[in-house]
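Work through these exercises with the sequence and the 3D view side by side. Try each task before you read its solution.

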Amino acid sequence: MTMNEKTKVLVVWHDAHSETEGSWCDESDISDDPCIVESIGFLLPEKKRGHVVLAQSVTDSDTLDGVLCIPVGMVQKMVVLGFVAHDVPPFGIVAGAGVAR
C-alpha cells in the first residue's frame, strides 16, 4: 500500500490508565469513568491481528513514524476522515491552510 492509497481516520477508544497519581487511595476513590482517547492517523489495515493500527506520519517512500496499535476491544468508534490525494499541492497552496509562500 503506497502513501497515496492510505485512509485517514479518527479512532475513539478507551485506554488503560492508572486511577492513582503515585499515592495510596481508598477503594471508594476509584472512578467509574473511562479514559477516552481520540487518535487521528493513517489506517494500516490487517497489520496486526486484533488491533487497529495507525501511523502518525508516512513519507513518500512509505516509511512510517508514530505507529499506534489499539486493541479492537478498546475501540468505541472509527470515522473515515478522507483519503490521501494522489496529487498533493505544494506547501502553502492547500485550501484553508492559512499559510502562503
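**Exercise 1: a residue on an edge strand**

Task: Decide whether Leu81 is buried, partly exposed or exposed, and list what it touches.

Solution. Leu81 has a relative accessible area of 47%, so it is partly exposed. The cut-offs are these: buried means under 20% relative accessible area, exposed means over 50%, and partly exposed lies in between, with a 1.4 Å probe and protein chains only. Next, place the residue: Leu81 sits in strand β5. Strands are DSSP runs of E with at least two residues, helices are runs of H or I with at least four residues, and both are numbered from the N terminus. Now look for contacts, meaning heavy atoms within 4.5 Å. Leave out neighbours within four places in sequence, and Leu81 is in contact with Lys8, Val9, Leu10 and Ile40. Take Lys8: it is 73 residues from Leu81 in sequence, but the C-alpha atoms are 5.3 Å apart in space.

A note on the model: it is predicted, so local features need pLDDT of at least 70 and side-chain atom pairs count only at pLDDT 80 or more, while totals for chains, interfaces and linings use all residues. Residues are numbered from 1 along each chain as its sequence is written, and side-chain values use heavy atoms, with hydrogens and water left out.

**Exercise 2: the whole chain**

Task: Count the helices and strands, then describe the chain as a whole.

Solution. Start with the elements: the protein chain has five strands and zero helices. Read from the N terminus, the elements run β-β-β-β-β. Then check burial: 20% of the 101 residues are buried. Turn to the contacts between residues at least 6 apart in sequence: 55% of them join residues at least 24 apart. Last comes the surface: the chain exposes about 7600 Å², and carbon and sulfur atoms supply 53% of that. Such areas come from the Shrake-Rupley method with a 1.4 Å probe; for residues, only the protein chains shown count as cover.

**Exercise 3: the sheet**

Task: Work out the strand order in the sheet and find which strands stand at the edges.

Solution. The five strands form an open sheet in the order β4-β3-β2-β1-β5, with antiparallel pairing. β4 (64-71) and β5 (75-83) stand at the edges; each has a single partner strand, so one side of each is left without a neighbour in the sheet. From one strand to the next, the twist averages 30°. For such angles, axes are lines fitted to C-alpha atoms, for helices over the stretch in contact, and the angles run from 0 to 180 degrees between N-to-C directions.

Now inspect the pairs. Two strands pair if DSSP finds at least two bridges between them. β1 (residues 7-15) pairs with β2 (residues 35-43) in the antiparallel sense over nine bridges. His14 has Ile36 in β2 as its bridge partner. Thr7 has Leu43 in β2 as its partner. β2 and β3 (residues 51-58) also run antiparallel, joined by two bridges. Here Phe42 stands opposite Ala55 in β3.

**Exercise 4: a buried serine**

Task: Find where Ser39 lies and which side chain it meets in a polar contact.

Solution. Ser39 lies in strand β2. Its relative accessible area is 11%, so Ser39 is buried. The side chains of Ser39 and Trp13 are joined by a polar contact of 3.0 Å. A polar contact is a pair of N or O atoms within 3.5 Å; within protein, one must be able to donate a hydrogen and the other to accept it, and residues adjacent in sequence count only if both atoms are side-chain atoms. Not counting residues up to four places away in sequence, Ser39 touches Val9, Leu10, Val11, Trp13, Leu54 and Leu68.

**Exercise 5: two loop residues**

Task: Compare where Glu46 and Asp62 lie, and give the phi of each.

Solution. Most residues other than glycine have a negative phi. Glu46 is not a glycine, yet its phi is positive, about 60°. Glu46 lies in the loop between β2 and β3. With a relative accessible area of 84%, Glu46 is exposed. Asp62 also has a positive phi, about 65°, and is not a glycine. Asp62 lies in the loop between β3 and β4. At 29% relative accessibility, Asp62 is partly exposed.
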